[in-house]
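Q: Could you walk me through one part of this protein, and then show me the surroundings it belongs to? A connected account would suit me best.

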Amino acid sequence: MRRIITILSFLTALTSVAHAQLQAGYYRVNNYGTERYIHIVDNTSSTTISRDIDDIMEILTQGVDLGAIELKEKSDDIISDPSAVMYVSQKNGSSGNQGYNIASQDISTYQILNRYFSMRQEDNQQYVPYLQISSIEITLYDRIATNKTTGEISVIPPSTIADLIALRQKGKTIEDCRCWSFTPIDSKTDSYFGIQPTIHAKNKYYSTFYAGFAFQTASPGMKVYIISDICKGAVQLTEINGIIPAATPVIIECSSKNPSDNRIDIIKSDMPTTPENIMKGVYYMNTTKNHNNCVSYDKNTMRILGTTSNGTLGFVKASDLANIPANSAYILVSEDNRSEQYSALTATAYEFYKKIITETPEIENTINTPFTVYSIDGTLVTDRCWSINDLESGTYIINGQKIHVR
């Protein structure tokens, strides 16, 4: 049964406080005491959380499985990590329960609990999400206050001498460890989301991307593609514009190697995914705390984004890969359509290549062999063209055929 353990913490006495209004939107959430950020790295747990007072005592005495969530110090790559993106919204439950739902990746707190969080704001202006069951309040702590890169959500607050010293050095208290900062994600501020490219091919930067939120590009020079068809040795790149639906595996052509130049606007949208897309997406690659929520890489049936033997963009067989990386995408290849590599081609180049291998199967590997190109008047343009994508717009004669390049 799926569980995210963002609901678990120490039991505190119920106090009379005002409810804060947290606006609906996308946030990064970090602990006010330890300054570590929440990352949702899984959607499973072996712990069953029930809804009456007896089960609260069971949580306290038997412990919980915390492998679904990680608390990590802020790092440069947090701006490119979908696991640190939380969508917060105000809701009204069917049983009269009003409050907040927190969603990330492909799971939400309401899906787990069938109830919503309440939220209050402390004197330090930070937020305390909590569940109230009968007269008991369940809140959330980062248990480890010492100077470590990772924290731990627990039913017990920081309690060791080392924890107290670490908090005091930061000017914080134990109670600060149940307070959380919600920072809105905005492409126009320092709290932006930027794509980190993983592939450099023909002077351009690319990355596959798969996230639980919709988005559109915000920086100039970015393009988004799906893979709409595949044949032996090649796949077809199809550009898509506007809002990219949530849960759509895509290839993003970036403006540069720096995420700050590759910003996106994260958008709340219920648009359906593109049906002709043949890429497969992966949310998680988690093997921590006895969890195993990952997609194992199969060199016989999977290809990942990379550079082909001629240096162009394509999908290739990985040499040393155990699991598909989180929030990335891959393609599946069948036995009758299997190649070591698949060059990524625009529609014109793909249709030309597909026609060649259909009519002349014995030259199916010419996609990775240079060919000769003539202008429409018969003038030699080049005798070593690797891809139609490298040609300027115009009409050419290639292998005796008239080809229009856009």
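In which helix is the place of L164?

A: Happy to take you there. Please keep in mind that the model is predicted. L164 has its place in helix 3, which covers residues 161-169. With a relative accessible area of 34%, L164 is partly exposed. On the surface, L164 joins I161 and I165 in a nonpolar patch, and together the three offer about 280 Å² of accessible area.

To set that helix in context, consider the whole chain. The protein has four helices, helix 3 among them, and 30 strands. Of its 406 residues, 51% count as buried. The exposed area comes to about 19,300 Å², with 47% of it supplied by carbon and sulfur atoms. Among contacts with a separation of 6 or more, 70% are between residues 24 or more positions apart.

From the nonpolar patch, let us turn to charged residues. Side chains of opposite charge can pair when their charged atoms come close. The structure holds eleven salt bridges, and one network of them links R120, E122, E137, E175 and R178. Within this network, the closest N and O atoms of R120 and E137 are 2.9 Å apart. R120 belongs to strand 8 (residues 118-121) and E137 to strand 10 (residues 136-138), so this salt bridge ties together parts that are 17 residues apart in sequence. Both partners are buried. Another pair in the network is R178 and E175, whose closest N and O atoms are 2.4 Å apart. Here the two partners have unlike surroundings: R178 counts as buried at 10% relative accessibility, while E175 is partly exposed at 37%.

A further salt bridge joins the side chains of K204 and E253, at 3.9 Å from N to O. This one links distant parts of the chain, with K204 in strand 16 and E253 in strand 20, 49 residues apart. K204 is partly exposed, with a relative accessible area of 38%, whereas E253 is buried at 8%. Strand 16 (residues 204-209) also holds S207, which is buried with a relative accessible area of 6%. Leaving aside residues up to four places away in sequence, S207 touches I195, Q196, P197, T198, V250, I251, I252 and L305.

One of those contacts, L305, leads us to residues 302-307, which make up strand 23; five of its six residues are buried. Strands of a sheet pair through backbone hydrogen bonds, either parallel or antiparallel. Strand 23 runs antiparallel to strand 25 (residues 328-332), with three bridges joining the two, and it also pairs in the antiparallel sense with strand 24 (residues 313-316), over four bridges. I304 is a handy marker for both pairings: it stands opposite Y330 in strand 25 and opposite V316 in strand 24. The hairpin of strands 23 and 24 has five residues between the strands, and there G311 takes a positive phi near 85 degrees.

Two further backbone details deserve a look. Most residues other than glycine have a negative phi. N327, in the loop between strand 24 and strand 25, has a positive phi of about 60 degrees although it is not a glycine. At 8% relative accessibility, N327 counts as buried. A247, which sits in the loop between strand 19 (234-240) and strand 20 (250-254), likewise has a positive phi, near 60 degrees. A247 is partly exposed, with a relative accessible area of 28%.

There is also a three-stranded open sheet to find, with antiparallel pairing in the order 14-21-17. Strand 14 (193-194) and strand 17 (214-217) stand at its edges with a single partner strand each, so one side of each has no neighbour in the sheet. Strand 17 meets strand 21 (residues 263-267) over four bridges, with Q216 and D265 as bridge partners.

Finally, take a look at N43, in the loop between strand 3 (37-40) and helix 1 (53-62). N43 is buried because its relative accessible area is 5%, under the 20% cut-off. Its side chain makes polar contacts with the side chains of D106, at 3.1 Å, and N293, at 3.0 Å. For contrast, return to where we began: L164 in helix 3 is partly exposed and part of a nonpolar surface patch.

Conventions
Residues are numbered from 1 along each chain as its sequence is written. This is a predicted model: local features need pLDDT of at least 70, side-chain atom pairs count only at pLDDT 80 or more; totals for chains, interfaces and linings use all residues. Side-chain values use heavy atoms; hydrogens and water are left out. Buried means under 20% relative accessible area, exposed over 50%, partly exposed in between (1.4 Å probe, protein chains only). Contact means heavy atoms within 4.5 Å. Accessible areas come from the Shrake-Rupley method with a 1.4 Å probe; for residues, only the protein chains shown count as cover. A polar contact is a pair of N or O atoms within 3.5 Å; within protein, one must be able to donate a hydrogen and the other to accept it, and residues adjacent in sequence count only if both atoms are side-chain atoms. Patches are made of residues with over 30% relative accessible area and no salt bridge: like charges are joined within 9 Å, nonpolar side chains (Val, Leu, Ile, Met, Phe, Trp, Tyr) within 5 Å. A salt bridge is a side-chain nitrogen of Lys or Arg within 4 Å of a carboxyl oxygen of Asp or Glu. Two strands pair if DSSP finds at least two bridges between them.
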